[in-house]
Amino acid sequence: MTDAPTEQRPDPDRFLAELELEQGRSTQGRLKIFFGLAAGVGKTYAMLESAHAQRERGVDLVIGYCEHHGRPETDALLAGLPLLPRRVVAYRGTQLSEFDLDAAIARRPAVLVVDELAHTNAPGSRHPKRWQDVEELLELGIDVWTTLNVQHLESLNDVVGSITGVTVRETVPDAVFDESDEIEVVDIAPDELLERFREGKVYGRPQARRAMEGFFRKSNLVALREISLRRAADRMNAQVQTARRGRGATRAWATQVRVLVCVGPSPTTQRVVRTARRIAAGLRAEWIAAAVSVPGGGDPGDAERQLAHLRLAETLGAEVVTLQGEDVAGEILEYAASRNVTTIMVGRSRAATRSFWRGRGIVDRLLRDGGDIDVLVVNGDGSNDVPLDAPWRGGDRRATPFAPLALLGAMLAATLAAAGLRGLGLSDANVVMVFLLAVTWLAARRGFLTALAGSLLGVLSFNFFFIEPRLTFRVHDTEYLVTFLVMFAIAAVISTLTARLRTQAEASRRGERRTDVLYRLSRELAGTSGTRQIAAAAEHMLAAHLGDEVTVLLPDAAQELQPVVGSHGSFLDDRGELAVAQWTFERGRPAGAGTETLPDARALYLPLESPEGRVGVLAVRPEGGNVLPSSAQYHLLVTLASLVALAIERDRLGERARSSLVEAEAERLRASLLSSVSHDLRTPLAVIAGSASSLLEDGLDEPARRELLTNVCEEADRLARLVDNLLSMTRIEAGGMKVQREWHSLEELVGGAITRLRRSAGDLPVVVHVPADAPLVALDGVLIEQVLLNLLDNAVRYAGRDAGLEVRVEVRDRELRIDVLDRGPGVPEGMHERIFGKFVRGVPRRSDSRGAGLGLAICRAVVEAHGGTLVCESRSGGGADFRITLPREGEAPTVPAEPEGASEGTP
Amino acid sequence: MSLGRILLVEDDVAIVRYLRTVLGHAGYELELAEDGASALSAAAARPPDLVLLDLGLPDMDGQQVLEGLREWTRIPVVVLSARDQERAKVAALDAGADDYLTKPFSTGELMARLRVALRHSPRPGDERGADPAELRVGGLRVELPARRVDVDGREVRLTPIEFRLLVLLMRHPGRVLTHKILLDEVWGPDAVDEPHYVRVHMANLRRKIEVDPSQPRYLLTEQGVGYRFADG
C-alpha cells in the first residue's frame, strides 16, 4: 500500500516536457506534412485539394511556393488559390525563383502552403534549407502545409540510398517530421505509380524521365513504400503512446533505455549515428552522441569532421557531449556509467586501426570492460559515405609542407660529411650514420614528407658515392635495401612523434591562450561597471586577443540593436549586417558567417544570453575578412559571449539595485519633506489664523492687540521665507537652477547681503574684510548674495546677534575663499557635514526662529553649481566657520582707464 | 484730501482687498482693472497719477500692458512681481517702469515706493530743465556747476564717469536704476552689454564716498537689477 510501484507513476519530468510541448504548440504554428514514398505519388495534388477545401471554409490560406513540374493537373488546381510572389535570385548567371520568407512573414496568413520541405535554398538566402524557413514560420505562429518524400528523411537517407542506389543530399532532420502536428500519408500502389511514370505524369521532360529510370523500378518502389509506411506508423505509434501516458495509463517502463553512440572523425560515423537514431527511435529511448577529443591528438581536420558528426547527431535529436582524455574507451565507459547508459554503439572502421600509437581496438576495450552495458558494433563500410563538410574551416590547420631546400641542403651536408669520414677511413656503417642523422633532423624539423624524400635521397646518394661500384646506382647487396628501410622507418617515427609533439604544444598553447583570454576578460569585466564600459572593455579585450573585429550590440528602447561603442566595426555600416544581428537577437540563435542561418553575412553573430534573458548580440568579424574561426575558437567565442552577457547582466542588476536604493532614499526624503513641510506650514498658519480671528473679536486691550499683530507679522515672514526656500529647493532638484555668470565685485555682494540682513534682522554689527585689490569674479550675483545672506542669517539665528559676525574674503591664485564666521556656540561635533542635509535643523537661540532646515542645503547646491565647495568647520577659540571656496575662472575683464581727479570734466 | 489717483491692475481678490484698504486709508484714490485690456482702456479714458501693475495677468503679459501705456504716456508705473520673475522685473524696468515691488512686500515698502514714484522726478533721459544747482543727501553734497563733491565737509575727487554716475543716481533718490539704464546714460548705447563697467566704477565710487564701502549708506545694490540711491 505504501510502496506504489514506481512504474505506475508518470515521470514528472516527462509530464512537464509534454505539457511544455503542448503549450509550445498553442502559440506555435501547426505543421502538416503530406508524406509520400517518392515523387509523383500525388502529394502536391492532395495538398492543393485540401487547400481548396480550406479556402471554401473561409480559412486565410496562401500558397507560398508550389512546384508543379509541368503537371497540368497541378496547374489547374493552383488556379483560384492566392499565390505569394516569388523571390528572384540571380545565381551564376541564371535566375532562380525562390520562396520569399519575408513576404510570407509580412503577409501572415493563417495557413501557408510551402511545397518540398527538403529543398535547398539558393545561396544568399536567410537559411540554407527550406525546413529552417518553415521552422521560423511555425515559431511566428503561422500554420504550414508541406510535402516530403521518405528518402529526404535524415535517418533514412542512407537506407534509401542503399536500396535505390541514389543518395540525395537534401535531407530534413527527423525531429521536424516527428514533431509535426499532422502527417498525411499519400499512398499509391507501386504499379500505378510506375504507370504514371511511364505516361510522363511524374516528370514532364524526357531527359529527367530517363535519369530516373533506375529509381522507378518496382522492387525499389515496394521497398520504399514499406519504409515510408513503417516510418509514418512509427510516428503515429509515438503519438498514441504520448496520449496514453498523458492519461496516466499503466505501461511497463521496466528499464529506461539509454543509447550512447561514439562519434569519431571517420566518415563511417555518419552511418553509425543514423543507425543509432533509428534504434533509439525504435526503442523510444534517449540517445547521446559522445565524441572524445584527445588532447593534441591527430590531424586538426579530424577534429573538424568529428564536430560535423556531432552536429549531425544533434540535428537527429541526440544529446551531444564532448569528452576529453587520452583513453578513448575509458572515457566513454566512465561517462556511460555516469549516465546509466544501457547500450553503447560504435562503428567498426578501418580508420580506428590506422593510427598505431592510439592503442588499438577501442571496440575490444569496450567489449571487455563494458560490464552490464550492451555494446553494439555497427559495420562501417564507408564506400558510399560522403564526408560531411566541416562546419568550421580554416583556422589552426598547420600542415608541414614539403621543404625541398632544406632537403637538398641537409643531404648535401650529409654527403660532404660522409665523404670526409670516408676520407678518414671509417666504415660504411658509420657513413650511413651521417645520413641517418640528416634524415632524423629533417624528420624533426621539416616533417614526414621531407624526411621520406630525405631517406630516399640519402640511400641513393650513399649508393652513388660510397658503394662499389662508385658513381653508379647499381646495388649488388640487398643489405642497402635494409639501410633504406631503416632510414625510412626512422623518418616515419620521428616525424610522427615530432608532429604530435608540435600539435600538443600547439594545443597547450591554445589552451593557455584560451585560459588567459578568459581570465583577463573576466578580470577586466569584474572591475568594470556601466554597460557601455563593459561593452568597450569586452570589444577591446576580444579584438586584442582574437585579432578579429568585435562589436557588442545592445538593444535600444525600441528593441532595435545598436552598436554600443562609437568605434564599432565598419562592417556594421551595412544595413544588412544589422538585420542579421537583429535576427540573432530576436531568435536567440547564432547567425551569420559560419552558421546555418544567413551564412553569407560578413560577421558571426552570437546572442548574449544571460539567466535573465537576452541582453544583446556579439558580432565577430574574422580577421582578414573571410577566414572563419576554427571550432575551438568558436567554442571560445561562445564562452566569451556568455561571460560578456553575464557581466552586462550583473551590471544591470547592480544598476537596478542602486536605483531602487536611490528610489527608497528619495521616498524617505519625500516622506520627511512632507512631514516637515506640513508642520512648518501649519505652525505659522495656525498662529496667523488664531491671532487674526482673535483680533476680529471685541474687548481686547491695546497691548494685547499689538502682541497679536506682531505675531501675525512675524509668522507671515517666517512663512514667506519657508516658501521661498521650498521653491528654491524644488527648482534646484528639478535641475532648473541656471547659473548666470557675470563679473561681480565681492565687496558689493557682501554689502548687498548685509544690507538685506539688516532689513529683516535690524541693525547689527558685522565685520567685513575684503582686500582692496580684490578682482572681479565671474559668478551669479543673485544666487551668491542669497548664499551669503542665508549664511549670515543662520549665524544670527544660531550664534546670536552679538556673536562677532564676520565675513572674510581671501583671494588666492586659483581660488577664492569666503568665510562667514561667528563666535557662537559652534556646530556640535559630528554635525559639520550633516547640517547641509535637507530638513536638518540645529537648536536656535530663540525658539521662534526655527527654519525649515533647507537654507544650508540650498547654499551648498548653489556653490556646487558654481564648481565650488561649501564646508563648515569649528573655529579655534569657539564658533563656526562656513567656508565657501570658488574656483577663479577666466581673466577678469578690464575697464577703459580714465584720468583721476577729473571732477572738472564735462558730465 | 487725495494724495493721487492710482490705477491698480491686479486679478487676485485678496491682494486687491488688502491694497484697497491700505491705500484708501493712506489717502489714495483707487481704480481697479482686473485684466490688461481693461487696464489700457481705463488708463486712456481717465489717466491716473500712477499705475500699480501686476506682471501676472490673466489675459496678457504685464510687459505688454506696460509697453501699451508707454506708447502714449509717462505716467509712473510700479510693477508687482513674484520672486522668481527676476528677468521680467528687469525687462519691465528697462521698458520704462519706474519701480518694482516683490511679493510679499510690507506696507511700509509699498508706501515708500509710491511716494518716490509720485514725486514727479524726471525719468532718466528726460530733459532736466529745472535742475537744482546743488544735490544734498545726508553728509553728501554735490555742487553741479562747480562739479564739486563733499562728503561730511571733506572734498573728494571723482573721475568724470564716477561723477556722472553719482549725479544720475542722486537725481532719482529711492528709485532703482537698472544696469542697462546706467550704462546707456553714462557710457552711451554701445556699452549696454558691459555690466561690469558699472560694478567697477561703483566700487571705486563707494570707496570715495562711503565710510565702509562694504556696508554702504548711499549707493545701494539691488542684486540682479541695478542700483538705488538711498532715499533721505
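## A hairpin in chain B

In chain B, β11(B) and β12(B) form a hairpin with three residues between them, and B:G224 in the turn has a positive phi of about 85°. Helices (H or I, at least four residues) and strands (E, at least two) are DSSP runs, numbered from the N terminus; two strands pair if DSSP finds at least two bridges between them. The two hairpin strands, the second of which covers residues 226-229, pair in the antiparallel sense over four bridges. Within this pairing, B:L220 stands opposite B:R228.

The side chains along β11(B) alternate: B:L219 and B:T221 point to one face and are buried, while B:L220 and B:E222 point to the other and are not. A residue is buried if 20 or more other C-beta atoms lie within 10 Å of its own, exposed if 12 or fewer, and partly exposed in between, with C-beta atoms placed from the backbone.

## Basis of the model

This is a predicted model, in which local features need pLDDT of at least 70 and side-chain atom pairs count only at pLDDT 80 or more, whereas totals for chains, interfaces and linings use all residues. Residues are numbered from 1 along each chain as its sequence is written, chains are lettered from A, and ligands are numbered from 1, in the order in which they are written.

## Chain B: overall content and four-stranded sheet

Chain B has eight helices and twelve strands. Of its 232 residues, 37% count as buried. Among the contacts in chain B with a separation of 6 or more, 56% are between residues 24 or more positions apart; two residues are in contact if their C-beta atoms, placed from the backbone, lie within 7 Å.

Four strands of chain B form an open sheet in the order β6-β7-β8-β9, with antiparallel pairing. β6 (134-137) and β9 (154-156) stand at its edges with a single partner strand each, so one side of each is left without a neighbour in the sheet. On average, neighbouring strands of this sheet are turned by 20° against each other, direction ignored; the axes are lines fitted to C-alpha atoms, for helices over the stretch in contact, and angles run from 0 to 180 degrees between N-to-C directions. β6(B) is joined to β7 (residues 140-143) of chain B by four bridges, and the bridge partner of B:R136 in β7(B) is B:R141.

## Nonpolar cores

The largest nonpolar core has 57 residues, and those with the most contacts inside it are B:V9, B:V51, B:L52, B:L53, B:V78 and B:V79. Domain 1 (4-118) and domain 2 (134-229) of chain B both give residues to this core, so it lies between them. The domain bounds come from an automatic or database domain assignment. A nonpolar core is a set of buried Ala, Val, Leu, Ile, Met, Phe, Trp, Tyr and Cys residues joined through C-beta atoms within 7 Å.

Not counting residues up to four places away in sequence, B:L53 touches B:V9, B:G62, B:V65, B:L66, B:V77, B:V79 and B:L80. Apart from the largest core lies another, of 50 residues, among them A:F35, A:I142, A:F197 and A:A232.

## Contact between the chains

Chain B has 30 residues in contact with 32 residues of chain A. On the side of chain B that touches chain A, β8 (148-151), α6 (160-171), α8 (195-209) and β11 (219-222) of chain B each supply at least two residues. α8(B) gives the most, with seven residues.

This side of chain B divides into 15 nonpolar, seven polar and eight charged residues. Here Ala, Val, Leu, Ile, Met, Phe, Trp, Tyr, Cys and Pro count as nonpolar, Asp, Glu, Lys and Arg as charged, and the others, Gly among them, as polar.

## Five-stranded sheet of chain A

An open sheet of chain A has five strands in the order β14-β13-β17-β16-β15, with antiparallel pairing. Its edge strands are β14 (561-563) and β15 (591-592), each pairing on one side only. Five bridges join β13 (residues 549-555) to β17 (residues 613-621) of chain A, and A:T551 has A:A619 as its bridge partner in β17(A). Helix α20 (residues 575-587) of chain A packs on the sheet, touching β13, β14, β15, β16 (604-610) and β17 of chain A, and its direction makes about 145° with that of β17(A).

## Backbone exceptions

Most residues other than glycine have a negative phi, and most peptide bonds are trans. A cis peptide bond joins B:K103 and B:P104, with omega about -5°; B:P104 lies in the loop between β5 (99-102) and α5 (107-118) of chain B.

Phi is positive at A:E116, near 55°, in the loop between β5 (111-114) and α5 (130-139) of chain A. A:E116 counts as buried, with 21 C-beta neighbours inside 10 Å. B:R147, not a glycine, has a positive phi of about 50° and is found in the loop between β7 and β8 of chain B. B:R147 is partly exposed, with 17 other C-beta atoms within 10 Å.
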